[in-house]
Amino acid sequence: MAKKWVQQMRQWMTKTMDLPDDVMMDLPRITMIGQLHIYIENHQGLLTFSDKEVRLLLKQGQLLIKGKSFVIKMILPEEIMLEGNIQEVLYLDQ
């Protein structure tokens, strides 16, 4: 019950104060440049990495990125930039 109330309060504050959803609700911000680069902010950690698949832990669920020739160009505690041929980006709700 407390979790639901906190989430409703965050949504109300976001709308009232005109703040971005990703800031108040711990949502990831995903920026893609064509099929070549993807930049993800506000993730909780890297779960798996290969040249064909990357899986990131989010506050609610996971993010799965599929493609070819992935290379990590930058990685910080809550940010990551990948380069490669991005074919699919999936949000896995768990």
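**Notebook: His-43 and its surroundings**

I started with one polar contact: a polar atom in the side chain of His-43 sits 3.0 Å from the backbone nitrogen of Gly-45. I note that the model is predicted.

Next I looked up where His-43 sits in the chain. I found His-43 in the loop that links strand S2 (37-41) to strand S3 (45-49).

I then checked for another backbone partner. The His-43 side chain also reaches the backbone nitrogen of Glu-79, at 3.4 Å.

Is His-43 buried or exposed? I read a relative accessibility of 2% for His-43, so the residue counts as buried. The cut-off I applied for buried is under 20%.

Which residues touch His-43, once neighbours within four places in sequence are set aside? I listed Leu-56, Leu-57 and Leu-58, and then Leu-76, Pro-77, Glu-78, Glu-79 and Ile-80. Glu-79 is thus on my contact list and also supplies the backbone nitrogen that I noted at 3.4 Å.

I went on to the whole chain. I counted two helices and six strands. Reading from the N terminus, I wrote the order down as α-α-β-β-β-β-β-β.

I looked up burial for the chain as well. Of its 94 residues, 26% are buried, and His-43 is one of the residues that count as buried.

For the surface, I noted about 6,500 Å² exposed by the chain, with 55% of this supplied by carbon and sulfur atoms.

Last, I looked at contacts between residues at least 6 apart in sequence. In this chain, 39% of them join residues at least 24 apart.

Key:
Residues numbered from 1 in each chain as written. Predicted model: local features only at pLDDT ≥ 70, side-chain atom pairs only at ≥ 80, totals over all residues. Heavy atoms only, no water. Helix = DSSP H or I, 4+ residues; strand = E, 2+ residues; numbered from the N terminus. Buried < 20%, exposed > 50% of the residue type's maximum accessible area, 1.4 Å probe, protein only. Contact = heavy atoms within 4.5 Å. Areas by Shrake-Rupley, 256 points an atom, 1.4 Å probe, with all protein chains shown as cover. Polar contact = N/O pair within 3.5 Å; in protein donor to acceptor, adjacent residues only side chain to side chain.
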